[in-house]
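Open the model in a viewer and keep the sequence panel beside it. The stops below are given in the order in which to select them.

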Amino acid sequence: MRLDFGIKALIINKEGRFLAVHKSGQQSPLLELPGGRMQFGETIEEALIREIQEETGLTVEPVSVLSTWNYMKKTRDFQVAGLIYKVTVGDFSAFKLSEEHDAYYWLTFEELDKLVPHFKESLLKALPLS
């Protein structure tokens with residue numbers, strides 16, 4: 001059995017849409033929020049900044065914790081629990097999707113059904129966003 005701690009970012013552009021990404025090799029069309037796993041010795045904020053930089057090329061500034069999330073693999077031998085942070089981005093021109101993902105979308109909050117269930121539910125708990 002394995003338990004990891006994950007950190008995700010809600011990145012909202014000037015049009016009020018948020019960034020969602022599709023993991024390379026995933027057969028499901030459902031999307032996730034950018035982010036990843038915390039490494040030993042990192043703070044949560046350091047992990048968030050590093051993961052977003054690696055996955056998108058963007059430099060983010062954590063603003064606040066929006067929600068928690070939890071994923072349990074169907075085999076029940078692997079679990080990830082984590083936080084979703086609202087972040088700001090100073091410059092979107094550095095955006096470049098890593099090879100870890102094969103597509104990205106700027107979604108409206110009416111399109112939450114395009115997300116995997118645990119992120120959809122977490123964002124619904126956080127709405128309206130402050």
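The tour goes from the sheet to its helices, then to the pocket and to a few single residues.

**Before starting**

This is a predicted model, in which local features need pLDDT of at least 70 and side-chain atom pairs count only at pLDDT 80 or more, while totals for chains, interfaces and linings use all residues. Residues are numbered from 1 along each chain as its sequence is written, and side-chain values use heavy atoms, with hydrogens and water left out.

**Stop 1: the four-stranded sheet**

Select β3, β1, β5 and β4, which in that order form an open sheet with mixed pairing. Helices (H or I, at least four residues) and strands (E, at least two) are DSSP runs, numbered from the N terminus; two strands pair if DSSP finds at least two bridges between them. The edges are β3 (35-37) and β4 (60-72); each has a single partner strand, so one side of each lacks a neighbour in the sheet. On average, neighbouring strands of this sheet are turned by 20° against each other, direction ignored. Axes here are lines fitted to C-alpha atoms, for helices over the stretch in contact, and angles run from 0 to 180 degrees between N-to-C directions.

Now keep β1 (residues 2-11) and β5 (residues 78-89): they are parallel and share 10 bridges. To see the register, select leucine 3, which stands opposite glutamine 79 in β5.

**Stop 2: the helices on the sheet**

Add α1 (residues 44-56), which lies across β1, β3, β4 and β5 and runs at about 70° to β1. Then add α2 (residues 117-126), which packs on the sheet and touches β1, β4 and β5. The direction of α2 makes about 125° with that of β4. Contact means heavy atoms within 4.5 Å.

Just past this helix, select proline 128, in the segment after α2. The peptide bond between leucine 127 and proline 128 is cis, with omega about -5°.

**Stop 3: the β4-β5 hairpin**

Return to β4 and β5, which pair in the antiparallel sense over 11 bridges. Proline 62 has valine 87 in β5 as its bridge partner. Five residues lie between the strands of this hairpin, and there arginine 76 takes a positive phi near 60°. Arginine 76 is exposed, with a relative accessible area of 58%; buried means under 20% relative accessible area, exposed over 50%, and partly exposed in between (1.4 Å probe, protein chains only).

Next, pick alanine 81 in β5. Its relative accessibility is 25%, so alanine 81 counts as partly exposed. Leaving aside neighbours within four places in sequence, alanine 81 is in contact with Leu3, Asp4, Phe5, Gly6, Trp69 and Asn70. For a longer distance, draw a line from alanine 81 to tyrosine 104: their C-alpha atoms are separated by 23 Å.

**Stop 4: β2 and β6**

Select β2 (18-23) and β6 (residues 101-107), which run antiparallel and are joined by six bridges. Alanine 20 has tyrosine 105 in β6 as its bridge partner. Five of the six residues of β2 are buried.

Lysine 23 also lies in β2, but is partly exposed at 28% relative accessible area. Not counting residues up to four places away in sequence, lysine 23 touches Glu32, Glu100, His101 and Asp102. Lysine 23 and valine 116 are 93 residues apart in sequence, yet 11 Å apart from C-alpha to C-alpha.

**Stop 5: the largest pocket**

Which residues lie nearest the centre of the largest pocket? Select Lys23, Gln26, Glu32, Arg37 and His118, which belong to a lining of 24 residues. The pocket has a volume of about 470 Å³. On a 1 Å grid over the protein atoms alone, a pocket is an open set of points where a 1.4 Å probe fits, with protein on both sides within 12 Å along at least five of seven lines; lining residues have an atom within 4 Å of a point. Grid points are joined across faces, edges and corners, and the volume is the space filled by probe spheres set on the points.

Colour the lining by element: β1, β2, β3, β4, β5 and α2 each give two or more residues. By type, the lining has 10 nonpolar, eight polar and six charged residues. Ala, Val, Leu, Ile, Met, Phe, Trp, Tyr, Cys and Pro count as nonpolar, Asp, Glu, Lys and Arg as charged, and the others, Gly among them, as polar.

End on glutamine 26, in the loop between β2 and β3. Glutamine 26 is partly exposed, with a relative accessible area of 45%.
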